[in-house]
Every structure is written in structure tokens, then in C-alpha cells.
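User: I am new to this kind of model and would like to learn how to read it feature by feature. Could you take me through it slowly, with the general idea first and the case at hand after it?

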Amino acid sequence: MAINESSLILAIESSCDETSVAVIENGSIIRSNIVASQIKSHQRFGGVVPEVASRHHVEQISQVLDLALDEAELSIEAVDAIAVTQGPGLVGALLVGITAAKTLAFVHQKPLIGVNHLAGHIYASQLVTPLRFPLIALVVSGGHTELVYMPKDGCFEVIGETQDDAVGEAYDKVGRILDLPYPAGKYLDQLAQEGQDTYSIPRAMIHEENLDFSFSGMKSAVMNLVHNANQRGETVNQADLATSFQSAAVEVLTDKARRALEAHPEVQQFILAGGVAANSGLRGSLTDLLARFPKVELTIPPLSLCGDNAAMIGAAADYLYREGQFSDLAMNAHPGQAIDEPFRS
């Protein structure tokens with residue numbers, strides 16, 4: 001199959017509760033990026049309900065596709081390939097996007113590219129600035145917390161990961177304990193700006209030499225503090241508790257990032273990726289840290305590219321397109337796919 005020197009990739013993302021379609025030019029230019037959120041549908045449940053998410057993807061995918069092509073001022077015939085998130089994610093949600101992508105690829109005779117969702121979060125930075133290898137990425141989201149070393153394009157080595165909860169999951173659970181709206185991450189971040197670090201929250205694994213993380217103890221500490229205060233008839237200062245939790249989480253993430261950079265002095269770029277990359281405390285702490293590593297470029301995508309979106313999938317797909325790494329129509333969803341296995345048929 002002939003590979004064009006320039007590329008126009010239509011990308012689909014449906015791994016969780018956003019239905020998104022984008023058109024990306026040459027892996028770095030956003031021609032369109034439409035995101036349909038399901039937050040209001042899941043708010044009353046306090047979290048994502050997989051069956052509800054899948055149903056919404058079915059309802060929205062055709063309209064979002066049309067909007068993306070209209071905004072890009074292109075027809076489907078003009079694109080060079082169809083990319084789609086293959087995993088990780090909710091299996092039903094993934095299958096909606098994959099079915100749509102496979103149908104488009106078959107009907108319009110376009111190459112099909114399966115993309116790893118976590119790789120997409122890293123490649124979102126390519127929509128801001130070129131990637132400089134070797135690099136380290138800190139991927140932080142509701143389902144994942146990983147330090148990833150990339151010696152070159154398309155090569156991922158996990159050098160640190162959470163041993164229990166992802167940091168985003170811990171944020172959501174702590175937010176629920178504090179009766180904050182769903183999704184709790186941004187509200188907890190806002191509340192943390194108003195308080196003081198007065199409560200004792202454990203910094204699990206911070207003194208260990210490895211680059212792994214643990215956040216379940218932080219979540220449990222908050223739960224116990226609130227429960228014990230209620231038992232004694234005392235009032236917890238929510239702002240101070242939010243600040244204390246965020247200070248602990250950010251300190252651990254930043255310290256592990258520091259150790260990773262010290263262990264890899266050859267690194268040229270450090271990328272913060274994933275939904276929790278929108279957290280102001282973490283962004284500020286990593287900015288301060290990278291000031292101590294003047295030879296390393298810190299790249300943090302804008303807020304619009306931190307959450308799940310199809311533009312990041314299109315950016316990651318560009319490398320696979322140029323390498324001719326195409327999937328066939330038997331491609332299936334891989335809900336537990338690891339980042340170091342981004343290409344699977």
C-alpha cells in the first residue's frame with residue numbers, strides 16, 4: 001500500500017465517556033477535533049456506567065463524524081487512513097469506535113490503524129511541539145499512572161507504574177468522600193487552592209528507590225479522617241483536607257519524576273500527559289522541578305488536549321501510518337492493552 005508523503009488521518013476515540021472524531025494533518029496539525037462529553041449522563045451515578053457510555057457512543061458517533069469532516073472541510077475520500085483507539089478502555093465503548101472505523105475503512109477502502117490510548121496521550125504533545133527523543137512521559141489519568149521512557153518514535157518502556165489505584169481514581173474517590181461533583185478532579189484541585197496542608201496524608205513509596213507509585217493509602221487516609229471526625233461529631237475542614245491530599249499526591253509524582261530524570265541524564269524532553277495533567281498543582285510542581293534540569297524541555301498540552309480526544313489518537317497514528325503498521329478488518333478491542341504493546345491486530 002502506497003504511503004503519502006503528507007498525511008490526513010481521520011481518528012476516532014471512544015474508550016470511555018467521550019465520543020470524539022478528529023482530522024489530523026501530518027501528525028501535528030489539528031484540522032478538526034470534535035468531542036461529545038457524557039458527563040451529565042453519568043453525574044447522577046457518581047461515575048461512568050459502561051452500558052450507558054456505550055449507548056451514548058452509538059447515538060453520537062455518526063453526528064460527531066459529520067461535524068469533524070465539516071470542520072476540516074474535507075470529504076471522507078480525502079483522508080489517507082482511519083485510526084481508532086484499540087485499548088485500553090471499556091470494552092463496549094471501544095467496540096463502538098472500532099466498528100465505526102472498520103466500517104469506514106472497508107466502505108472507502110482506507111488503511112485501518114489501531115492506536116493505544118495511552119500512546120495517544122503522550123503524542124498529544126506533538127500537537128503542541130515536536131517530540132524530542134529520548135524523552136520521559138508521566139501519564140496520569142483515571143485509570144493509569146505510569147512513567148514511560150521513549151528512546152525513539154513508537155518505542156515505549158514502562159519504568160514506573162502504580163501498584164494499586166491510579167492517581168485520577170484516587171482523586172475521584174476522595175472527591176466523592178468530600179461530596180464534590182463528578183468528575184471530582186477539577187473541583188478537588190480548585191478546593192485545594194483555598195486550604196492549607198494541615199492533615200497527615202502518607203506519601204507511600206516515596207522513599208523507595210524504584211519508580212513505582214501507590215495511591216490507595218492516601219485515599220484510605222482521607223476516608224479514615226472523615227469517618228473518625230464524624231464519629232467524634234467534629235467537622236473536617238474540607239479545603240485543608242483537599243490541600244493535604246493534593247500536596248501528598250503531587251509530592252510523590254514529582255519526586256518519582258525527579259528520580260527518573262536523574263536516572264536518565266540523556267533525556268531531552270519531559271511530557272506530562274493524561275487527564276490529570278490538567279491539575280494546576282501538578283503542573284506547577286513539575287514546572288518548578290524542570291527548572292532544575294535546564295537541558296530538558298517540559299511539555300504540557302493545553303487543557304483541551306489533556307482529556308480524552310481523537311486528535312491525540314490521530315497524532316499517534318501518524319507514525320504508524322508512515323511505518324505502514326496497519327490493522328486488518330479482524331482487529332478487535334483490547335481493553336487491558338499495555339502501552340508497551342501499542343500495535344496489535
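User: Let us begin with the largest pocket: how do the residues of its lining divide into nonpolar, polar and charged?

Analyst: The lining of the largest pocket divides into 14 nonpolar, 20 polar and 9 charged residues. Please keep in mind throughout that this is a predicted model.

User: What is the volume of the largest pocket, and which residues lie nearest its centre?

Analyst: The volume of the largest pocket is about 1,500 Å³. Its lining is made up of 43 residues, and those nearest the centre are Glu 18, Gly 142, Asp 172, Pro 183 and Gly 275.

User: Which helix gives the most to the lining of the largest pocket?

Analyst: Helix α5 gives the most, with 6 residues, while the elements that each supply at least two residues of this lining include β3, α1 (39-43), α4 (117-123) and α6 (184-192).

User: Pro 183 was named near the centre of that pocket; what is the peptide bond that leads to it from Tyr 182?

Analyst: The bond from Tyr 182 to Pro 183 is cis, with omega near -5°, and Pro 183 has its place in the loop between α5 and α6. A further cis bond runs from Gly 87 to Pro 88, with omega near -10°, and Pro 88 sits in the loop between β4 and α3.

User: How should I read a sheet, and what is the order of the strands in the one that contains β1?

Analyst: A general idea helps here: in a regular strand, side chains alternate between the two faces of the sheet. In this structure, β1 belongs to an open sheet of 5 strands with mixed pairing, in the order β3-β2-β1-β4-β5. The edge strands are β3 (29-37) and β5 (112-116), each of which pairs on one side only, and neighbouring strands are turned by 20° against each other on average, direction ignored.

User: In which sense do β2 and β3 pair, and which residue stands opposite Val 21?

Analyst: Strand β2 (residues 18-25) and β3 pair in the antiparallel sense over 8 bridges. Val 21 stands opposite Ile 34 in β3, and the bridge partner of Ala 22 in that strand is Asn 33. The two strands form a hairpin with 3 residues between them, and Asn 26 in the turn has a positive phi of about 55°.

User: Which helices lie across the strands of this sheet?

Analyst: Helix α3 (residues 91-108) lies across β1, β4 and β5, running at about 160° to β4. Helix α10 (residues 310-323) lies across β1, β2, β3, β4 and β5, and runs at about 130° to β1.

User: What is the order of the strands in the open sheet that contains β6?

Analyst: The order is β8-β7-β6-β9-β10, in an open sheet of 5 strands whose pairing is mixed. Its edge strands are β8 (157-161) and β10 (297-299). Within this sheet, β6 (residues 135-140) and β7 (residues 145-150) pair in the antiparallel sense over 6 bridges, with Ile 136 opposite Tyr 149 in β7.

User: Why is the pair of Tyr 171 and Phe 245 called edge-to-face?

Analyst: The idea is to look at the angle between the ring planes, where over 60 degrees counts as edge-to-face. The planes of Tyr 171 and Phe 245 stand at 75°, with the ring centres 5.0 Å apart, so the pair is edge-to-face. This pair links distant parts of the chain, with Tyr 171 in helix α5 and Phe 245 in helix α8 (residues 238-263), 74 residues apart.

Notes:
Residues are numbered from 1 along each chain as its sequence is written. This is a predicted model: local features need pLDDT of at least 70, side-chain atom pairs count only at pLDDT 80 or more; totals for chains, interfaces and linings use all residues. Side-chain values use heavy atoms; hydrogens and water are left out. Two strands pair if DSSP finds at least two bridges between them. Helices (H or I, at least four residues) and strands (E, at least two) are DSSP runs, numbered from the N terminus. Axes are lines fitted to C-alpha atoms, for helices over the stretch in contact, and angles run from 0 to 180 degrees between N-to-C directions. Contact means heavy atoms within 4.5 Å. On a 1 Å grid over the protein atoms alone, a cavity is a set of points where a 1.4 Å probe fits but cannot get out, and a pocket is an open set with protein on both sides within 12 Å along at least five of seven lines; lining residues have an atom within 4 Å of a point. Grid points are joined across faces, edges and corners, and a volume is the space filled by probe spheres set on the points. Ala, Val, Leu, Ile, Met, Phe, Trp, Tyr, Cys and Pro count as nonpolar, Asp, Glu, Lys and Arg as charged, and the others, Gly among them, as polar. Rings of Phe, Tyr and Trp (its six-membered ring) pair if their centres lie within 6.5 Å; planes under 30 degrees apart count as stacked, over 60 as edge-to-face and the rest as tilted.
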